[in-house]
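Biologist: I would like to go through this model with you, one point at a time. Where should we start?

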Amino acid sequence: MVLEFGSVVAIGLAAFVIIAITKGARVVPQKEAQVVERLGKYSRTLDAGFHILVPFVDRITARHTLKEQVIDVPSQICITKDNISIEIDGVLFLQVLDPVRATYGVDNYMFAARQLAQTNLRSVIGTLELDRTFEERENINGKLVDALDKASEPWGLKVMRYEISNINPPQSVKDALEKQMRAERERRAQVALSEGDRESRINVAEGHKQETIKQSEAQKLRQVNEAEGKAREIELLAQATAEGISRIGQAICQPGGSEAVNLRVAERYIAEFGKLAQETNTMIIPGNLSDVAGMVATLGRVFQNTGAPPPASPFQPPPFMPSPPPGPPGFPPRTH
């Protein structure tokens, strides 16, 4: 019996030692903190690593993760400044900085942070109109982060950011917004079409302008070239005429030149006089038109005035062509 009692005591001692080791030895994972109380009072905070506790005296009161935590904020109904009810939900990101204050500052910091996010969200949305709630998500998130971070500081929490997930207005508001967006898209399309038409008209007008300028410049160059060509033509004709006249004068001064000139003049005179019978037009001609000798004599006086020797008159008027009698006083000579 003695041995049996000793065995029981040994077994009991062994069990006590095992339980004491189990109760006293603690391994804390990385990015985690554990709050230890001794006899119901805060003792210390265990960081990552191996720790020994006093069995039956020390106990782990709370375990906190030091990682950034994501809290889903449930959807709620918020009323905007223009009295429109919208349903909004979001996501809150926070981190425990002080495990002691997170343990003793608030009963449940996760629930407290969620409720705080909802109440502050309603306050911020109440200051904005419906249109601005869609446009100013970033500002709303910033205001919520500032308010939540300030309110949760006594709890040992750090609010990293807040993101609005969805904004669901009523169906009537959705229909109105859809009509508004459709009208806005149509307006932008009309503006784009008008701007395109304006640019097209401007480009066409600019093209006509450039075309007119180019045509006027081309016409100007053409006129200048034509004028220069005509001037050069007149100059060359004048030079050729002067040279021809000079050569004719030199030829007249040569022996037999006067006779040749008289013969040429008589030939041309007779030729032109013969053409009068072929014309049907009525014209006024001098009365001594058939006086070839007189005309040649007149030409000789012209040569005398120019310094050239007067040409001899080898022609006499034919006997069958007497000079026509003069007309009555005050009337022109008769026509042939």
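Modeller: With a cut-off: a residue is buried under 20% relative accessible area, exposed over 50%, and partly exposed in between. Keep in mind that this is a predicted model.

Biologist: Is Arg161 buried, partly exposed or exposed?

Modeller: Arg161 has a relative accessibility of 37%. The band between 20% and 50% is the middle class, so Arg161 counts as partly exposed.

Biologist: Which side chain meets that of Arg161 in a salt bridge?

Modeller: Side chains of opposite charge can pair when their charged atoms come close. Arg161 is in strand E8 and its partner is in strand E6, 93 residues apart. The partner is partly exposed, with a relative accessible area of 36%. The N to O distance is 3.1 Å, and the side chain that Arg161 meets is that of Glu68.

Biologist: In what order do the strands of the open sheet stand?

Modeller: The sheet has 3 strands with antiparallel pairing. Strand E6 (68–79) and strand E8 (157–168) are at the edges, each with a single partner strand, so one side of each has no neighbour in the sheet. Neighbouring strands are turned by 20° against each other on average, direction ignored. The order is E6-E7-E8.

Biologist: Which residue in E7 is the bridge partner of Val70?

Modeller: E6 pairs with strand E7 (residues 85–96) in the antiparallel sense, over 10 bridges. Within E7, the bridge partner of Val70 is Phe93.

Biologist: What angle does the direction of helix H5 make with that of E8?

Modeller: Helix H3 (residues 109–125) lies across E6, E7 and E8 and runs at about 40° to E6. Helix H5 (residues 137–151) also packs on the sheet, where H5 touches E7 and E8. The angle between the directions of H5 and E8 is about 145°.

Biologist: What is the relative accessible area of Thr133?

Modeller: Thr133 lies in helix H4 (residues 130–135). Leaving out residues up to four places away in sequence, Thr133 touches Thr80, Ile86, Ile125, Leu128, Ile140 and Ile167. Thr133 is classed as buried, because its relative accessible area is 0%.

Biologist: How far apart in space are Ile167 and Asp89, C-alpha to C-alpha?

Modeller: Ile167 lies in strand E8 and counts as buried at 8% relative accessibility. Beyond four places in sequence, its contacts include Ile86, Glu87 and Ile88. Ile167 and Asp89 are 78 residues apart in sequence, and their C-alpha distance is 7.1 Å.

Biologist: Which residues is Val173 in contact with, leaving aside its neighbours within four places in sequence?

Modeller: Val173 is in helix H6 (residues 171–253) and counts as buried, at 13% relative accessibility. Its C-alpha is 9.5 Å from that of Leu130, a residue 43 positions away in sequence. With those neighbours set aside, the contacts of Val173 are Ile84 and Leu130.

Biologist: Where does the chain have a salt bridge within helix H6?

Modeller: Two residues of H6 stand 4 residues apart, about one turn of the helix. One of the two is partly exposed, with a relative accessible area of 24%, and the other counts as exposed at 54%. Their side chains meet at 3.2 Å, N to O, and the pair is Glu184 and Arg188.

Biologist: Is Glu37 buried or exposed?

Modeller: The side chain of Glu37 meets that of Arg59 in a salt bridge at 3.2 Å, N to O. The pair links strand E2, which holds Glu37, with strand E5 (residues 58–65), which holds Arg59. Arg59 counts as partly exposed at 48% relative accessibility. Glu37 has 7% relative accessibility, so Glu37 counts as buried.

Biologist: What is the phi of Leu39, which is not a glycine?

Modeller: Leu39 lies in the loop between E2 and strand E3 (41–46). Leu39 is exposed, with a relative accessible area of 71%. Its phi is positive, at about 55°.

Biologist: How much accessible area does the nonpolar patch on the surface have together?

Modeller: The patch is formed by Phe16, Val17, Ile19, Ile21 and Phe56. Ile19, in helix H1 (residues 2–24), counts as partly exposed at 43% relative accessibility. Together the residues of the patch have about 520 Å².

Terms used:
Residues numbered from 1 in each chain as written. Predicted model: local features only at pLDDT ≥ 70, side-chain atom pairs only at ≥ 80, totals over all residues. Heavy atoms only, no water. Buried < 20%, exposed > 50% of the residue type's maximum accessible area, 1.4 Å probe, protein only. Pairing = 2+ DSSP bridges. Axes fitted to C-alpha atoms, helices over the stretch in contact; angles between N-to-C directions. Contact = heavy atoms within 4.5 Å. Patch = residues over 30% accessible without salt bridge, like charges linked within 9 Å, V, L, I, M, F, W, Y side chains within 5 Å. Areas by Shrake-Rupley, 256 points an atom, 1.4 Å probe, with all protein chains shown as cover. Salt bridge = Lys/Arg side-chain N within 4 Å of Asp/Glu carboxyl O.
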